[in-house]
Amino acid sequence: MNFNTLFLKSFRVLLLPVAFIYALVIRIRNWMFDKHYLKSASFNFPLICVGNLAVGGTGKSPMVEYLLHLLNPQFKVGTLSRGYKRKTKGYALANVNTTALEIGDEPMLFHMKFPMVPVAVGEERLVAIPQLLQDIPDLQAIILDDAFQHRSINAGFNILLTEYSNIYVQDFYLPTGDLRDEKASAKRASVIIVTKCPQDLGNEKKQQIIRSLKPRADQQVFFTRIAYGVPYHIFNYDDEWMLTPRDEVLLVCGIANPKPLKDYLHETTHTYYQQDYSDHHIFSIDDLNEIREKFNQIHAKDKIILTTEKDAVRLMKFRDELANLPMYVLPIRHEFLFGEGEQFNTMVTDFIRNFSFKSMT
């Protein structure tokens, strides 16, 4: 553990009184929803919610992509996100001229990878859902991205993600820990998915985690790992770069939890250099100059700049500046362990096919 990590952990422990106050506020809020002092709206329409109890990267965006790959060939499905760190306000539906600054990097990524899927953003989901249904009247389902803690909406199918290295039952409330919702809220989930697991996760460890989560009898727990694809050029999907042990990589990254990615590069390449930014960082010309300078300092024949798909959508505006740089994008996806992917797929598709409205008020 380095000094910075030790200092941060010590500082967060000092904020324990604030964490107790935060936990009390969250508990009161949930109690008011449970007792119907605060109202939740139910829609006569299939809503699939992807979310978590903690801040940080549990793999929500790759899970939305997984669902789009699964559902898009069978149903007319759209996505609705808040549009975190976008420069606009209110409801917006992506079109051919939309940029990441207008809708946020994650919705923009969905829009680019699934151009036929309606992608909308809106802070007030209670308002945005009817607007999206009015704009796209033949929709058959909506995926709500990062909406589990927004109890003003009752989704029919809730997918709760928790990271293997920081499972919510072992976490604590902000700012001492990473929890933004109480652990008891997990009871509202239809399924719980433990993400970013090691590929060799054994059944004994699997059962130990399930016991710690204490799921309801009707609540299925799944396990996934991160599977990395072949990097593709930021402006040319057909130009691919297969990573080898000879490569030296400059990693340009502004995501919540880059550790699994860095572990992957450590195992896959000769070496990598870091150019880290904050989560959802908005890149500037100065950043581009810094990236170029650091890349030119790498004296190797086989060298590339590598970034994540979420970072790439915020870098594409610099087409001219990046034209002569070998910048590649590393795609990721969820891969279900223990051969349980088909079981999860069936649960999701059956929810849409067999949907019947049940008021939860």
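Across the whole of this predicted model, a search for aromatic pairs returns 15 of them. One of these is formed by F157 and F351, whose ring centres lie 5.5 Å apart with 40° between the planes, an arrangement that counts as tilted. The two partners come from distant parts of the chain, since F157 belongs to strand 8 (residues 157-163) and F351 to helix 12 (residues 341-353), with 194 residues separating them. As for solvent contact, F157 has a relative accessibility of 6% and therefore counts as buried, and F351, with a relative accessible area of 13%, is buried as well.

A further pair is made by F172 and Y173, and here the centres are 5.5 Å apart while the planes meet at 70°, so the geometry is edge-to-face; the reason is that an angle over 60 degrees falls into that class. The two residues can also be described by their accessibility: F172 is partly exposed, with a relative accessible area of 26%, whereas Y173, at 8% relative accessibility, counts as buried. Beyond these pairs, Y66, F222, F336 and F344 are linked by ring pairs into a cluster.

Aromatic rings in this model also have charged groups placed over them. The charged end of R188 sits over the ring of F148, at 4.3 Å from the ring centre, and K303 lies over the face of F295, where the distance to the ring centre is 4.4 Å.

The backbone deserves a separate look. Most peptide bonds are trans, and most residues other than glycine have a negative phi. Against that background, the bond joining L174 and P175 is a cis peptide bond, with omega at about 0°, and P175 itself is found in the loop between strand 8 and strand 9 (191-195).

Where does H280 lie? H280 is placed in the loop between strand 14 (271-276) and helix 9 (285-296), and although H280 is not a glycine, its phi is positive, at about 65°. With a relative accessible area of 6%, H280 is buried, because buried residues are those under 20%.

F338 likewise is not a glycine and has a positive phi, in this case of about 60°. F338 lies in the loop between strand 17 (332-336) and helix 12, the helix that also contains F351 of the tilted pair. Is F338 buried or partly exposed? Its relative accessible area is 34%, so F338 is partly exposed.

Notes: Residues are numbered from 1 along each chain as its sequence is written. This is a predicted model: local features need pLDDT of at least 70, side-chain atom pairs count only at pLDDT 80 or more; totals for chains, interfaces and linings use all residues. Side-chain values use heavy atoms; hydrogens and water are left out. Rings of Phe, Tyr and Trp (its six-membered ring) pair if their centres lie within 6.5 Å; planes under 30 degrees apart count as stacked, over 60 as edge-to-face and the rest as tilted. Helices (H or I, at least four residues) and strands (E, at least two) are DSSP runs, numbered from the N terminus. Buried means under 20% relative accessible area, exposed over 50%, partly exposed in between (1.4 Å probe, protein chains only). A charge sits over a ring if NZ of Lys or CZ of Arg is within 6 Å of the ring centre and within 35 degrees of the ring normal.
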